Amino acid sequence: MTPPFCSQQAKVTPAAAEEESLCPNKTWDTASFLDNFPNAHPTSSFQDSGTSFEFTTGVLLCFSRTLNFGHQCSMALGGMLRNAAATYLHLVGSLQRKNAGASLTRCLHQTLTMQKQLQARRLDKIDKNPWVVFTKLASECDAVNLGQGFPDFPPPDFAVEAFQHAVSGDFMLNQYTMAFGYPPLTKILASFFGKLLGQELHPLENVLVTVGAYGALFTAFQALVDEGDEVIIIEPSFDCYEPMTLMAGGRPVFVSLKLTPTKDRELDSSSAWQLDPTELASKFTSRTKALILNTPNNPLGKVFSKAELELVASLCQQHDVVCISDEVYQWLVYDGCQHISIATLPGMWERTLTIGSAGKTFSVTGWKVGWVLGPDRLLKHLRTVHQNSVFHCPTQNQAAVAQSFQREQLHFGQPSSYFLQFPQAMQRKRDHMIQSLQSVGLRPVISQGSYFLITDISDFKSRMPDLPGAVDEPYDSRFVKWMIKNKGLVAIPVSIFYSQSHQKHVDHYIRFCFVKDESTLQAMDKKLQEWKAELGA
C-alpha cells in the first residue's frame, strides 16, 4: 500500500533512505494524510525489526535497521492530534532537504528535539551567577584578585599537620564514617561550642556536620522551608540566601540595613548600618517561617550588637519564627568588637540553627567542612535531608578539623590561641588595605569583622558616570569591570548582595577581600600607586 502522503511506495531500506532521503522531490500532502485516518487513539505504537517507539502524542516514528512506511503506517490520528501530526510531517518533510548522503536516523535525531521543559521550575531565574563573570574576567586580565573571599596564604601549621596525619595515619579514615559526622569531630564541636552557647550539647542530637557552611544552609532551607513560606533576609546578604529560599519553594522578604552617615571626611564604620525596628517588624506575617541572620556580615563586615540581636530575637519569638544564624566569621572580629551568638539569648536556643565553617575558621576553604548546631527538634529534619542527599562528608577532612579544634581547645583564651592571633593579623591587613585604597580617592568603610570591607565609589560615579555596560546594569558592576580591565584590580559589586529592586540604591559600593598574602597586598599597592600617578598627571 502506498501511503496517501507520498506518490511512491515508501518502503525504504537504510541504503535507500540515504540515497533517496525519503521520497525525494515528492510533495507531502498533510491534509489528505490526516483525512485518511478519521479515528484516533491517544497512544499508538508499532514495531519494526523488533524495536518499538511510543509517543503519547499519537505521532509515531519507528526506525531501526529497516524503515517501512507500508502497511505499518495504518496508525490512527484524530482531530485532537492533527496539530501534532502536522508538526511531525513538517519535520519529516525537512529531511528531504538534507544531503543525500546523510543518515536518516541521524537526521531524525538532529531534527526532532525534546519539547518538554527540561529544567525544574525551581531553577527559574537563579541560573545566572555573577561570580562566574568576574572570576573569568579577572583571569583573562591577569588582575590582582581581591574579589573572592579566600585566603591565598597557607593554613596554620597545626591544621596542615592534622590533615597530613589524617591522610597518612589510620587507613580506615579512607572509608565512610557516621552519616551525621565523624564521632571525634561531633564530640569536640559539642564540647567546644556547648560552653560558648551555654548548652549541654549532645554530639548525636545537637550537631550535624555538613559539606561546608553552604551545605548547612542548603540543608536547613530544604528541611524547614515549605511552598509559600516566607523567609526574611537582611540586606546586604550573602547571595545564596535568595536562591536557596526559592529552590525550597519559599518567598524571600527583604529588609535593608540603613546607613547613618558619619561626619564629613570621616570614614564610615560598618556599625553605622542598622536595622529599622519598625520596618523589620512590618516584614513578619503569619506566613513567616524563618529569618536568616549573618553576623559578622558578608559583604559589609557588620557585627550585630546585642541590642539588635535582642530586637530580632523578640520578633522571632513573637511570631514563632526559626532563626538561621550564619556565623562563619565569628572568630574574625576587630577593634575589640564582640561576637554574640543569637542562640545564647533567652528563649532563642530552641528556635535557632547556628552555622559554622572550618574553611573560615582555619583558612581551609577547600576542605568544605561545615556544621550546624541546634535543638534536636530542628536538627532531626536536617538529618533527614542530609541522609537522603550527600549522606556524609569526607572522613579525612573531618578528622583534620577535629584535631585542629582539639589543639585550639587547649590554648583557647590564652595568648597562644589561634582564635586570638588570627583576627589580630587580619586586622593589620584590613588597616593596610584601608590606607592604600584612600590614596586614589576611594572611601573604605571600616569593617568590624569578616574577610571583607566595602568602599564608596561615589566620587568616581559623579566624574565618570557613563562607563560601558548594559542599559540596566548597576553602576558598581560596570565600575568593577572597568577597574579589572584598566587598573588590574578585582573587586565585587555590592549590588549583587541586594534584591533586584534595591540594587539601584547601593550601586556606589564595591567589596574587597583583605584576607590575602602580603605579596598580594603589595601587588595591590603597586597597582594603586600607578592609578594614583595617572590621576595626578
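The following exchange concerns how helices and strands are arranged in this predicted model.

Biologist: Are H5 and H17 roughly parallel or roughly perpendicular?

Modeller: The axes of helix H5 (residues 130–141) and helix H17 (residues 475–487) come within 9 Å and cross at roughly 20°. Angles under 35 degrees count as roughly parallel. The crossing angle therefore makes H5, with respect to H17, roughly parallel.

Biologist: How many residues of the contact of H5 with H17 are charged?

Modeller: From H5, the residues Val133, Phe134, Leu137, Ala138 and Cys141 take part, and they meet Ser477, Val480, Lys481, Ile484 and Lys485 of H17. Seven of the contact residues are nonpolar and one is polar. The number of charged residues is two.

Biologist: How are H8 and H13 oriented to each other, roughly parallel or roughly perpendicular?

Modeller: The axes of helix H8 (residues 212–224) and helix H13 (residues 376–387) come within 8 Å, with a crossing angle of roughly 110°. Angles of 65 to 115 degrees count as roughly perpendicular. H8 and H13 are therefore roughly perpendicular.

Biologist: How many charged residues does the contact of H8 with H13 contain?

Modeller: H8 contributes Thr219, Ala220, Gln222, Ala223 and Leu224, while H13 contributes His381, Leu382, Val385 and His386. These divide into five nonpolar and four polar residues. Charged residues in this contact number none: there are no charged ones.

Biologist: Which strands form the edges of the sheet of seven strands?

Modeller: The sheet is open and mixed in its pairing, with the order E6-E14-E13-E12-E11-E7-E8. An edge strand of this sheet pairs on one side only. The edges are strand E6 (207–210) and strand E8 (251–256).

Biologist: Which residue in E14 is the bridge partner of Val209?

Modeller: E6 pairs with strand E14 (residues 370–373) in the antiparallel sense, over four bridges. Within this pairing, the partner of Val209 in E14 is Trp371.

Biologist: Which residue in E16 does Pro444 stand opposite?

Modeller: An open sheet of four strands, antiparallel in its pairing, has the order E15-E16-E19-E18. In it, E15 and strand E16 (residues 452–456) pair over two bridges. Opposite Pro444 in E16 stands Thr455.

Biologist: What angle does the direction of helix H15 make with that of E16?

Modeller: Helix H15 (residues 418–438) packs on this sheet and touches E15, E16 and strand E19 (509–513). H17 lies across E18 and E19, and runs at about 50° to E19. For H15 and E16, the angle is about 15°.

Technical notes. Residues are numbered from 1 along each chain as its sequence is written. This is a predicted model: local features need pLDDT of at least 70, side-chain atom pairs count only at pLDDT 80 or more; totals for chains, interfaces and linings use all residues. Side-chain values use heavy atoms; hydrogens and water are left out. Axes are lines fitted to C-alpha atoms, for helices over the stretch in contact, and angles run from 0 to 180 degrees between N-to-C directions. Angles under 35 degrees count as roughly parallel, over 145 as roughly antiparallel, 65 to 115 as roughly perpendicular and the rest as oblique. Contact means heavy atoms within 4.5 Å. Ala, Val, Leu, Ile, Met, Phe, Trp, Tyr, Cys and Pro count as nonpolar, Asp, Glu, Lys and Arg as charged, and the others, Gly among them, as polar. Two strands pair if DSSP finds at least two bridges between them.
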